[in-house]
Amino acid sequence: MDTKTKLISAAEQLFDRHGFTATGMDKLTKAAGMSSRTLYKHAGSKTALITEVLKERHRRFQPHIEVGSVDALFDALEEWIRSESARGCLFLRAYGETGGDIPAITEAVLAHKARLYDKIQDIVAIETDGQAMPELAEQILILYEGATAAAIYRGPEAVVSAHKAASALLQQARS
């Protein structure tokens with residue numbers, strides 16, 4: 001594993017576990033097993049490192065939503081939560097901790113969320129024989145995001161419940 005990959009991996013784990021604000025550069029250097037000089041050489045700044053972590057998280061998460069049905073979408077979310085843990089959405093946590101005031105972080109968050117919404121719109125169109133149904137896509141997005149948040153304290157069962165609600169909405173739209 002090269003130095004930058006090692007740093008991004010260590011930073012993602014720390015940010016996910018402890019938050020962005022609570023994770024100082026000294027914690028990052030220790031976790032990554034490198035000097036602060038090496039860390040800054042490869043990261044540039046904490047903002048740049050957070051942005052790189054979000055980009056890497058997006059890259060790892062994206063294949064999980066490359067599905068063709070609402071059932072597969074929620075099954076993939078349940079699998080992600082079981083394998084990655086249930087601490088909520090790292091993107092929304094980054095946005096919340098920075099208040100949306102850091103353009104590079106905000107851009108990474110909004111790009112990720114736009115891709116998720118676009119994918120849900122595509123899935124809705126597939127499931128409704130090509131109909132564009134932005135309101136239904138929005139409802140499914142809210143169920144998906146809500147399940148991600150509720151899984152923090154309810155576990156994967158939150159995803160199962162949201163999945164059932166999304167399926168019912170989809171069935172109603174087909175009628």
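**Helix H5, its aromatic partner and the enclosed cavity**

The buried residues of helix H5 are Val 70, Leu 73, Phe 74, Ala 76, Leu 77, Glu 78, Trp 80 and Ile 81. This is a predicted model, and the points below follow H5 from its geometry and packing to an aromatic pair that includes Trp 80 and to a cavity whose lining takes its largest share from H5.

**Helix H5**

- Helix H5 covers residues 70–84, and for these 15 residues a rise of 1.5 Å a residue gives an expected span of 21 Å, which agrees with the 21 Å that separates its end C-alpha atoms.
- The buried residues of H5 pack against four helices, namely H4 (46–65), H7 (103–127), H8 (134–154) and H9 (157–174).
- As general background, residues three or four places apart on an α-helix point the same way, because there are 3.6 residues a turn.
- Just after the helix, Ser 85 adopts a positive phi of about 95°.

**Aromatic pairs**

- A search of the whole structure yields 3 aromatic pairs, and one of them joins Phe 15 and Phe 20 in a tilted arrangement, with 4.9 Å from centre to centre and 35° between the planes.
- Both Phe 15 and Phe 20 are buried.
- The rings of Phe 61 and Trp 80 also pair, and because their planes stand at 85°, with the centres 5.1 Å apart, this pair is edge-to-face.
- Since Phe 61 belongs to helix H4 and Trp 80 to helix H5, the pair ties together parts of the chain that are 19 residues apart in sequence.
- Phe 61 has a relative accessibility of 7% and therefore counts as buried, while Trp 80, at 8% relative accessibility, likewise counts as buried.

**The cavity**

- The structure contains 1 cavity of 30 Å³ or more, and the volume of the largest cavity is about 200 Å³.
- Which residues lie nearest the centre of the largest cavity? Of the 20 residues that line this cavity, those nearest its centre are Phe 61, Trp 80, Gly 88, Cys 89 and Thr 148.
- The elements that contribute two or more residues to this lining are H4, H5, helix H6 (90–98), H7 and H8, and the largest share, 4 residues, is supplied by H5.
- Sorted by class, the lining of the largest cavity comprises 10 nonpolar, 4 polar and 6 charged residues.
- Phe 61 and Trp 80 thus appear in two settings, as the partners of the edge-to-face pair and among the residues nearest the centre of the largest cavity.

Definitions and conventions: Residues are numbered from 1 along each chain as its sequence is written. This is a predicted model: local features need pLDDT of at least 70, side-chain atom pairs count only at pLDDT 80 or more; totals for chains, interfaces and linings use all residues. Side-chain values use heavy atoms; hydrogens and water are left out. The expected span of a helix is 1.5 Å times one less than its number of residues. Buried means under 20% relative accessible area, exposed over 50%, partly exposed in between (1.4 Å probe, protein chains only). Contact means heavy atoms within 4.5 Å. Rings of Phe, Tyr and Trp (its six-membered ring) pair if their centres lie within 6.5 Å; planes under 30 degrees apart count as stacked, over 60 as edge-to-face and the rest as tilted. On a 1 Å grid over the protein atoms alone, a cavity is a set of points where a 1.4 Å probe fits but cannot get out, and a pocket is an open set with protein on both sides within 12 Å along at least five of seven lines; lining residues have an atom within 4 Å of a point. Grid points are joined across faces, edges and corners, and a volume is the space filled by probe spheres set on the points. Ala, Val, Leu, Ile, Met, Phe, Trp, Tyr, Cys and Pro count as nonpolar, Asp, Glu, Lys and Arg as charged, and the others, Gly among them, as polar.
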